[in-house]
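Here are my notes on this one, in the order I'd go through them on screen. Have the viewer open while you read.

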Amino acid sequence: MNSQNQKNEINRRRFLQSGVKLAAAGIYLGMFGMPNLFGNVIMDKGAANIPDVKLNNGVKMPMLGFGTYGLRGEVCQQSVADAISVGYRLIDTAKVYGNEEAVGKAIKQSGIDRKQLFVTSKLWVDDAGYENAKKGFEETLTKLGLEYLDLYLIHRPRGDVKGSWKAMEELYAAGKIRAIGISNFDSEQLADLLSYAQVKPVVNQIETHAYFQQGNSYNLLKKHNVQMEAWAPFAEGRNGLFTDEVFAQIAKKYNKTIAQVNLRWHYQRGIVAIPRSSQKAHIVENLNIFDFKLNHEDISAIEKLDLNKTQFPEWS
Ligand SMILES: NC(=O)c1ccc[n+]([C@@H]2O[C@H](COP(=O)([O-])OP(=O)(O)OC[C@H]3O[C@@H](n4cnc5c(N)ncnc54)[C@H](OP(=O)(O)O)[C@@H]3O)[C@@H](O)[C@H]2O)c1
């Protein structure tokens with residue numbers, strides 16, 4: 001065994017050891033009627049069993065992933081390593097998050113076959129335009145230490161979007177990116193892109209949570225077969241999401257947590273969600289959403305929470 005393989009093996013053992021401890025805690029809590037945060041997920045690394053969605057170019061994407069906004073350096077590396085170790089395969093980063101190197105290190109450390117991972121990054125507005133986009137992409141790839149990306153998104157519809165898209169189409173054709181998409185595009189910006197795109201975007205990643213359910217985008221994206229992906233699926237806890245009485249009632253009924261009910265709701269809507277956490281217990285908890293089902297009553301109660309407005313006005 002060479003030294004890299006030895007390191008991977010040591011890391012793998014550490015992950016499994018911490019996993020077993022968390023699983024034991026989960027079973028203990030379950031015995032006392034408390035929400036079982038852990039289920040069976042970490043008893044077996046493969047047990048997460050996250051369903052895939054087939055994108056409009058045939059590439060498969062996990063329906064639940066791990067967000068990394070605001071995570072930096074060692075905290076980021078550890079959180080991403082924890083996420084991969086308990087079964088997440090989709091990792092969402094961006095050049096502007098300043099953490100692509102840390103994400104890349106965690107990926108290497110995981111020892112997971114690259115083909116099993118689904119890595120997303122995003123082209124920042126400073127790199128808009130044909131030449132800049134190509135350069136920005138290469139920087140991203142180098143920082144991540146990867147040969148290709150699974151998904152590359154235009155982070156925001158600013159600057160020379162047409163030039164950026166052309167560069168991304170060429171990188172896609174050259175096999176450097178498996179799928180290309182957009183983020184924060186409204187219906188007009190999407191229609192504009194579709195008017196000249198040779199390659200249709202596979203995904204639009206937009207702010208989506210119970211307080212901003214994005215009904216119009218939801219219908220439009222469905223119509224164009226563009227997968228909707230929710231950023232801030234918990235609204236970062238704004239507007240009291242983690243103490244919301246409606247969610248608390250539903251969570252109690254299923255012996256689940258508010259976070260799990262939220263993620264299950266996104267999943268049942270057919271939306272890919274990428275919750276972020278720096279706490280291993282939350283990282284595990286957020287994965288354990290595939291063993292219960294919300295009914296019509298729950299869903300209509302959640303639909304009534306829609307305020308139909310952003311919870312992040314500072315980013316508009
Ligand atoms: N395309 C874009 O413009 C854009 C914009 C924003 C975000 N994003 C992407 O979307 C991802 C998700 O959005 P986000 O990070 O802004 O917010 P989020 O996932 O809605 O919320 C993250 C917050 O929820 C807490 N949390 C996570 N799991 C929890 C649990 N089980 N119980 C209680 N609290 C929990 C986290 O705290 P702890 O760390 O303490 O668990 C953290 O404070 C980002 O990380 C990023 O990858 C994209």
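1. In what sense do S3 and strand S4 pair, and over how many bridges? The pairing is parallel, with 3 bridges linking S3 to S4, which covers residues 90-92. For one concrete spot, look at Gly65, whose bridge partner in S4 is Leu90. Bear in mind throughout that this is a predicted model.

2. Zoom out from that pair to the sheet. S3 and S4 belong to an open sheet of 8 strands, and the order reads S3-S4-S5-S6-S7-S8-S9-S10, with parallel pairing. The edges are strand S3 (65-67) and strand S10 (272-273), each of which pairs on one side only. As general background, strands of a sheet pair through backbone hydrogen bonds, either parallel or antiparallel.

3. Now the helices, starting with H2 and H3. Helix H2 (residues 73-86) and helix H3 (residues 100-110) have axes that come within 8 Å and cross at roughly 40 degrees. H2 and H3 are therefore oblique to each other, and their crossing is right-handed. On the H2 side the contact uses Gly73, Cys76, Gln77, Val80, Ala81, Ile84 and Ser85, which meet Ala102, Val103, Lys105, Ala106, Gln109 and Ser110 of H3. Sorted by class, the H2 and H3 contact has 7 nonpolar, 5 polar and 1 charged residues.

4. Next come H4 and H5. Here the axes of helix H4 (residues 130-144) and helix H5 (residues 161-173) are 7 Å apart, and the packing angle is about 50 degrees. That makes H4 and H5 oblique to each other, and the crossing is right-handed. From H4, the contact takes Tyr130, Ala133, Lys134 and Phe137, while H5 supplies Gly163, Ser164, Lys166, Ala167, Met168 and Leu171. The split for H4 with H5 is 6 nonpolar, 2 polar and 2 charged.

5. Which way do H8 and H9 lie, roughly parallel or roughly perpendicular? Helix H8 (residues 245-254) packs on helix H9 (residues 258-268) at about 90 degrees, with the axes 8 Å apart. H8 and H9 are therefore roughly perpendicular to each other. Phe247, Ala248, Ile250 and Ala251 of H8 meet Ile258, Gln260, Val261 and Asn262 of H9. This contact has 6 nonpolar residues, 2 polar and no charged ones.

6. Finally, the ligand. Which residues around the ligand come nearest? They are Gly67, Tyr69, Ala259, Arg276 and Ser277, out of 26 residues around the ligand. By class, that shell holds 10 nonpolar, 12 polar and 4 charged residues. To tie this back to the earlier points, Gly67 falls in edge strand S3 (65-67), and Ala259 falls in helix H9 (residues 258-268).

Terms used:
Residues are numbered from 1 along each chain as its sequence is written. This is a predicted model: local features need pLDDT of at least 70, side-chain atom pairs count only at pLDDT 80 or more; totals for chains, interfaces and linings use all residues. Axes are lines fitted to C-alpha atoms, for helices over the stretch in contact, and angles run from 0 to 180 degrees between N-to-C directions. Helices (H or I, at least four residues) and strands (E, at least two) are DSSP runs, numbered from the N terminus. Angles under 35 degrees count as roughly parallel, over 145 as roughly antiparallel, 65 to 115 as roughly perpendicular and the rest as oblique. A crossing is left-handed if the near helix is turned anticlockwise from the far one by less than a right angle, and right-handed if clockwise. Two residues are in contact if their C-beta atoms, placed from the backbone, lie within 7 Å. Ala, Val, Leu, Ile, Met, Phe, Trp, Tyr, Cys and Pro count as nonpolar, Asp, Glu, Lys and Arg as charged, and the others, Gly among them, as polar. A residue is near a molecule or strand if its C-beta atom, placed from the backbone, lies within 6 Å of it. Two strands pair if DSSP finds at least two bridges between them.
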